[in-house]
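Visitor: I'm new to this one. Can you walk me through it?
Guide: Sure, let's bring it up.

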Amino acid sequence: MSKAALLAAAAALGALVTPVHAQAQDAAAATGPVQGVAIKGGLSYVPENFARFVPRSALDMVNRVPGFSIRDNDEARGLGEATSNILVNGERVANKAESVYDRMARIPADKVERIEIVDASNFAIPGLAGQVANIVTRPGGISGQFKWNAAVRPHFAPDNFYGGEVSLNGTAGKLEYTLALSNSNGRGGVGGPYSLSDGAGATTELRDMVLAVKNENPQVAATIKWDAPGSSVGNFHANYHRTYFDLLRTETRDLITGTDNDWRYDAHERGYDYEIGGDFEFALGPGRLKLIGLHNENHGHYYETAVSDYLDATPSDGSRYRSFTDTAETIARGEYGWKMLGGDWQLAVEAAYNGLDRVSHLLDLRPDGVFEEQPFPGSTGGVREDRYEAILTHTRQLAPNLSFQLGAGAEYSRLAETGPGGLVRTFYRPKGSATLSWTPKKGIDLSLKLARKVGQLSFDDFLADVDLGNNTENSSNALLKPNQNWEANFEAKKDFGRWGSSTLKLYGTWLKDAVTLVPLPGPNPGDPLVEGVGNVDRAQTYGVSLDSTVNLDPLGFKGAKIDFTGSLEKTRIRDPLTHVIRQFSYEEPVNLEVSLRHDIPKTAWAWGGGIEYHKALPYYRLDEVGYDHEGPIYTWAFIEHKNVFGMTAHLEVFNLTNGRGLVKRTIYDGPRDSSPILFVEHRNQLVGPIVQFSLKGTF
């Protein structure tokens, strides 16, 4: 299908306003701001509150809750305590392979009984704090939903017509099941001329670049809920996912002094992963016991090639890198909860076993056109971690509007590199949290949480690797260890009734053994410094964020609302090379987004748009400092019809104001604190508009 054909199809679908399904048409004509009904600790929203949006899934509903932002699960060690602010029927989503967005998107709107936005203290779930969305569902017959996503871009990126998902949800006796087939794919592209200069600012090279990215991620998933005998309940899930990633970057390079050349960089990844898991909860003695098990594996093959072809008789040169990586994780967890001494208690124990094995090859192109393998120490190997933890948590009401939760425990871990002479280390570390939740008056909810956490390492960081596209290399570091954090989070939510709602968050994190790029000694005495992922003693993060929805109905703009999301963040870390205090690499200290949506009363039409701004700070390497970001301002506009033969058609144009691809790299001839500038790379390149179309419905 051509771009013109896609746009014509989108226009035709948008023009089909015949009310084929009267029920959908009536729902689309509903007006009035989204307002919940007061319940203990918060507000309750029923499907009728969202009728004007014609939601197809629980995700569509939660996305329209005023002043609420979805928080996904953290990349935590094992399963650990709850981190997402989404619950389903009062239970956390214990699934690492999929996000809470995936789970909510597969709950049909007709299976949602209500959505409760309440304080986490209502559920006595360890680790949970602040406002959470509890999606209460009801069993029913078989129903399905689908979504098709397509996008075209006039510049650089290939067309995208194969994104979307189809899912089926139903009940059979005591079983409730969901089956889903999806492809969360994407495209990217940037290009145009840019230049290199020397340390004095004189241009040394002119380049013209085109970069295009394509990825496909097909997945099949299934979940089953078993209403077992008595009060027992079981949940089981399985999914299988494949990865197809391709990146092509080509450049023509015109040197002021030297031989012109054409440069080509290819990167590809192929792989698959799967996860199976479940939990079973039943009454035992004075309480209830939940047993949780999970196993996942990932198998990937990554390869990249960078080659320069000279325009004279000079032989081509370049490099190739290939890696084969296998990872696995197995988790066993038990949670026993009971009531005692006027409160709720839970004892959680968990064992997690993680592993990585990687084989890597680095090859250089010889003058005869053959790639010859080169030594690349530290790039092949494996890492294993065995981890055990136990945490006892107590939750109690101190007053009708005041609750307290305290959790305390510790973890033991054994971290080992595989192979002869592999380093083995053990760690004993305390963990826990304390949370205070207070509702001083109707419509105001406050919470304060203090926590001691242990961070999650990426095992890839233990091994050496390269990036041929940017000509950088990270050395191996067997001494890398997880960071330990003290965290403080304060959240205040204010409901303004028909005017909307706001949630303010203040947070701070104090890190010990913060993980970042650090200088490392060379392989032999007297060798120059190299760099790799390592630890620095201390680092801090402080920030504030605000999520607000302002309904414009009271001002006479019926069916309209403004959503605002903003955050300000400050970080501090001592540069491991210069020892000067700076912010984190790639930090975005300012993020702002404002959007308008207008559901036109008594019609199935909606329109709107928005603007977002992201401020970026530099990144730091041993011999390099640079900026690498996009925008910094992006804008978009959309039009939507909620009854195209009973489906919702959405057409959006993104990047109306020419947000750019922005890169500035300063490369030094050695460590950046003591070496002259080798060259400076300046990029301000075209991204172009993105036309996106989606069609979603139910069956």
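Guide: Start with Glu 116, which is buried at 13% relative accessibility. This is a predicted model, so keep that in mind throughout.

Visitor: Which residue does Glu 116 meet in a salt bridge?
Guide: Arg 114. Their side chains come to 2.8 Å, N to O.

Visitor: And is Arg 114 buried or partly exposed?
Guide: Arg 114 is partly exposed, with a relative accessible area of 26%.

Visitor: How many salt bridges are there in the whole structure?
Guide: A search finds 40.

Visitor: Show me one that links distant parts of the chain.
Guide: Take Glu 165 and Arg 106. Their side chains form a salt bridge at 3.0 Å, N to O. Glu 165 is in strand S7, residues 160-172. Arg 106 is in the loop between helix H4 (100-105) and strand S4 (112-119). The two are 59 residues apart.

Visitor: Why do you call Glu 165 buried?
Guide: Its relative accessible area is 19%, and buried means under 20%.

Visitor: What about Arg 106?
Guide: Arg 106 is buried too, with a relative accessible area of 7%.

Visitor: What does Lys 642 form a salt bridge with?
Guide: Asp 599. The closest N and O atoms are 2.6 Å apart. Lys 642 lies in strand S33 (residues 633-644) and Asp 599 in strand S29 (residues 590-599), so the pair ties together parts that are 43 residues apart in sequence.

Visitor: What relative accessible area does Lys 642 have?
Guide: It is 0%, so Lys 642 is buried. Asp 599 also counts as buried, at 2% relative accessibility.

Visitor: Which residues are linked in a network of salt bridges?
Guide: Arg 333, Glu 335, Glu 350, Arg 387, Glu 389, Glu 411 and Lys 431.

Visitor: New topic: strands. How many residues of S9 are buried?
Guide: Eleven of the twelve. Strand S9 covers residues 186-197, and it is largely enclosed by the rest of the structure because so many of its residues are buried.

Visitor: Which strands does S9 pair with?
Guide: One is strand S10, residues 203-216. S9 and S10 pair in the antiparallel sense over twelve bridges. Another is strand S36, residues 677-686. That pairing is antiparallel as well, over four bridges.

Visitor: What stands opposite Gly 186 in S10?
Guide: Asn 215. In S36, Glu 681 is the bridge partner of Leu 196.

Visitor: How many residues sit between the strands in the hairpin of S9 and S10?
Guide: Five. Gly 201 in this hairpin takes a positive phi near 95°.

Visitor: What holds paired strands together, in general?
Guide: Strands of a sheet pair through backbone hydrogen bonds, either parallel or antiparallel.

Visitor: What order do the strands take in the open sheet?
Guide: S1-S2-S4-S5-S3. That makes five strands, with mixed pairing. Strand S1 (37-39) and strand S3 (86-88) stand at the edges. Each has a single partner strand, so one side of each has no neighbour in the sheet. From one strand to the next, the twist averages 25°.

Visitor: How do S3 and S5 run, parallel or antiparallel?
Guide: Parallel. Three bridges join S3 to strand S5, residues 131-137. Val 88 has Ile 135 in S5 as its bridge partner.

Visitor: Now the surface. Which residues make the nonpolar patch?
Guide: Among them are Phe 496, Trp 499, Leu 592, Ile 611 and Tyr 613. The patch measures about 820 Å². S29 and strand S30 (605-615) each supply at least two of its residues.

Visitor: Where is Phe 496 found?
Guide: In the loop between strand S24 (484-495) and strand S25 (500-520). Phe 496 is partly exposed, with a relative accessible area of 43%.

Visitor: Last stop: where does Asn 655 lie?
Guide: In the loop between strand S34 (647-654) and strand S35 (660-668). Asn 655 is buried, at 3% relative accessible area.

Visitor: What does the side chain of Asn 655 reach at 2.5 Å?
Guide: The backbone nitrogen of Gly 659. There is also a contact with Asn 658: its backbone nitrogen lies 3.3 Å from a polar atom of the Asn 655 side chain.

Key:
Residues numbered from 1 in each chain as written. Predicted model: local features only at pLDDT ≥ 70, side-chain atom pairs only at ≥ 80, totals over all residues. Heavy atoms only, no water. Salt bridge = Lys/Arg side-chain N within 4 Å of Asp/Glu carboxyl O. Buried < 20%, exposed > 50% of the residue type's maximum accessible area, 1.4 Å probe, protein only. Pairing = 2+ DSSP bridges. Patch = residues over 30% accessible without salt bridge, like charges linked within 9 Å, V, L, I, M, F, W, Y side chains within 5 Å. Areas by Shrake-Rupley, 256 points an atom, 1.4 Å probe, with all protein chains shown as cover. Axes fitted to C-alpha atoms, helices over the stretch in contact; angles between N-to-C directions. Polar contact = N/O pair within 3.5 Å; in protein donor to acceptor, adjacent residues only side chain to side chain.
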